[in-house]
Structure formats: structure tokens, C-alpha cells
Amino acid sequence: MKIKPIEKMSTLDSVIKTLKDEIIMGKIKIGDKLPTERVLSRKLNVGRSTVREAIKVLQALGLVKVKQGKGTYVLRKNENESLNIANWFSEHELQITDLMDIRLAMEPLAIKLALKRSSDEEFEKLIKDLNSTNQKLKTAIKENNVIKMEVIDNTFHSYVSEATRNNLLISINEKISEAILEYRIKIFSIKENAENAYEAHQEIINAMSTKDVARAISAMTSHVNSALSDAIKLIKKN
């Protein structure tokens, strides 16, 4: 498998920290426009996709605002001053439900194909990787590090999609991961929701370990439905 969660997490954390420091120290002031992706990529010596993801995280934290066709502008220095989470979920209700509809169709299929197509050796490695990743999620929850939670949660689901050997499904998963980055940051800001994800992941692993396809599909379906339920609670709260 080609996923490298530790390296990705380290690089992304570094880029986010650098940009946050420049904002906090006033090198980039409130109202200022950030340099372009190309300029930041060259300055930070990372790929443009990493810069793009870092900016999405900063937007999720409420520090910057991306204005379509105009660029990215600094909103505030303190992420704790970000907009109410319930407000964000209300404003993005349609996008969230659309994404969850796609996930409900795709993720159970990914489970089925992963179990069907993995050799014994690949299956053993998959279960080991999923267990290791979920333990990292548990640690990130204890540290209250939502950025790590987002990267780790994404890695968990990517391991399953990679195991399908279905290039189209893998590509769809990558698109979904990009689309729900901000959602993951917001939902994991509430510790209970992050703990729910950890427990759901463990049930998925337990079910997959027995090679019980029906049980594993049910566990993944319940996980996605639970994630949607967590989002709906926040929408109703508003």
C-alpha cells in the first residue's frame, strides 16, 4: 500500500504551524491576503496539494477565509474565536448529507471488495494497519489534536479503499477525503464525536478480522450513519 500517514501528518502539521505562526506573529495581518499556492509551495518546499490541505485546515479552524477567485484572507489570530460549530453545520447541511449519501454507497462496497480481493498476507497486513491507525486516533483524541484526528481518520478509510484494488473507487475516496476535510475538523472538535469514530472503527476491525462480510458491511454502514447522526444533532442544536 502507498499510504504514508506519519510522513503526511508530519509535513501537514509543519506547514500549518508555519502559517499559523506567521499569522499569530503578525507577519501576515488580519485582512491580508495569503501568498498563492504556488508561492507558498516554493517557499515551504512542499507540494501544492499539501499547501491546499493546510489552508483548508486553517479555514476549518476559522483563521482564514477562502474567497473563490480572489484568494485566501486572514480572518483572526486566535482559532478559539472561530465561528460556532453548530452554525457551520447548519450552513453546510446539504453538502454534508450529499457526501454521506455517497459514503453510504461507497464505503460498504469498499469493505466487501477489500475482504474479497485481499490475499491472506495482504489481509493480515490490512488488519494490522487498521489496528495501528485506530490506536493513533485514540492517542490523538487524548491529546485533543483535531488535525491529527482528521489525518488519521482519513488514513483509516483510505487503507480500506486501497485494499479494494479498484482504481475508480480509490479515486472517489480521495475526492471524498478532500471534500470532507473541513467536516472532519469540525466534527472532531467535539470529543464525544471523535470517541464515537474510534469505537466504530474498532467494531469495523473486529468484524473484518472474522472475515464476516455481512457483519463488516453492517459495521461500516452503522459508522457512516452514526457520523451523519452526529452532524444532524449539531444542525438541530442551531
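How many of the 8 residues of helix α9 (residues 181–188) are buried? The answer comes in the first of these close-up views of a predicted model.

**View 1. Helix α9 is mostly covered.**
In α9, 8 of 8 residues are buried. They are Leu-181, Glu-182, Tyr-183, Arg-184, Ile-185, Lys-186, Ile-187 and Phe-188. The list holds Glu-182, Arg-184 and Lys-186 along with Leu-181 and Ile-185.

**View 2. Phe-89 sits in the largest nonpolar core.**
This core has 70 residues. Phe-89, Tyr-183 and Met-208 have the most contacts inside it. Tyr-183 is also one of the buried residues of α9. Leaving aside neighbours within four places in sequence, Phe-89 is in contact with Ile-96, Tyr-183, Lys-186, Ile-187, Ala-231, Leu-234 and Ile-235. In soluble globular proteins, nonpolar side chains tend to be buried together.

**View 3. Helix α5 (residues 93–117) packs against α11 (213–237).**
Two packed helices are described by the angle between their axes and the distance between the axes. Here the axes come within 8 Å and cross at roughly 165°. An angle over 145 degrees counts as roughly antiparallel, and α5 and α11 are therefore roughly antiparallel to each other. The crossing of α5 and α11 is right-handed. From α5, the contact uses Glu-93, Ile-96, Thr-97, Met-100, Arg-103, Leu-104, Glu-107, Pro-108, Ile-111, Lys-112 and Leu-115. From α11 come Val-213, Ala-216, Ile-217, Met-220, Thr-221, Val-224, Asn-225, Ala-227, Leu-228, Ala-231 and Ile-235. By class, the contact of α5 with α11 has 15 nonpolar, 3 polar and 4 charged residues. Ile-96 of α5 and Ala-231 and Ile-235 of α11 take part in this contact. Ile-96, Ala-231 and Ile-235 are also among the residues that Phe-89 touches.

**View 4. Helix α5 also meets helix α8 (residues 167–179).**
The axes of α5 and α8 come within 11 Å and cross at roughly 140°. That makes α5 oblique to α8. The crossing of α5 and α8 is left-handed. On α5, the residues in contact are Leu-99, Ile-102, Arg-103, Met-106, Leu-109, Ala-110 and Leu-113. They meet Leu-169, Ile-172, Asn-173, Ile-176 and Ala-179 of α8. The contact of α5 with α8 divides into 10 nonpolar, 1 polar and 1 charged residues. Arg-103 takes part in the contact with α8, and Arg-103 also appears in the contact of α5 with α11.

**View 5. Helices α6 (residues 120–143) and α10 (residues 191–209) cross at roughly 165°.**
Their axes come within 10 Å. Helices α6 and α10 are therefore roughly antiparallel to each other. Their crossing is left-handed. The α6 side of the contact holds Phe-123, Leu-126, Ile-127, Leu-130, Asn-131, Asn-134, Gln-135, Leu-137, Lys-138 and Ile-141. An α-helix has 3.6 residues a turn, so residues three or four places apart point the same way. The α10 side holds Lys-191, Ala-194, Glu-195, Ala-197, Tyr-198, His-201, Gln-202, Ile-205, Met-208 and Ser-209. Together the residues of the contact of α6 with α10 divide into 11 nonpolar, 6 polar and 3 charged. Met-208 of α10 is also one of the core residues with the most contacts.

**View 6. Two loop residues, Asn-144 and Lys-211, have a positive phi.**
Most residues other than glycine have a negative phi. Phi of Asn-144 is near 55°. Asn-144 lies in the loop between α6 and α7 (146–162). Asn-144 counts as exposed, at 52% relative accessibility. Phi of Lys-211 is about 60°. Lys-211 lies in the loop between α10 and α11. Lys-211 is partly exposed, with a relative accessible area of 45%.

**View 7. Glu-22 is a buried residue in helix α1 (residues 5–24).**
Its relative accessibility is 16%. Not counting residues up to four places away in sequence, Glu-22 touches Lys-27, Ile-28 and Lys-43.

**View 8. Ile-30 is exposed in a loop.**
Ile-30 lies between α1 and α2 (37–44). The relative accessible area of Ile-30 is 51%. Neighbours within four places in sequence aside, Ile-30 is in contact with Val-74, Leu-75, Arg-76 and Lys-77. Ile-30 and Glu-122 are 92 residues apart along the chain, and their C-alpha atoms are separated by 50 Å.

Key:
Residues numbered from 1 in each chain as written. Predicted model: local features only at pLDDT ≥ 70, side-chain atom pairs only at ≥ 80, totals over all residues. Heavy atoms only, no water. Axes fitted to C-alpha atoms, helices over the stretch in contact; angles between N-to-C directions. Helix = DSSP H or I, 4+ residues; strand = E, 2+ residues; numbered from the N terminus. Parallel < 35°, antiparallel > 145°, perpendicular 65-115°, else oblique. Left-handed = near helix turned anticlockwise from the far one by under 90°. Contact = heavy atoms within 4.5 Å. Nonpolar A, V, L, I, M, F, W, Y, C, P; charged D, E, K, R; others polar. Buried < 20%, exposed > 50% of the residue type's maximum accessible area, 1.4 Å probe, protein only. Core = buried A, V, L, I, M, F, W, Y, C linked by side-chain atoms within 4.5 Å.
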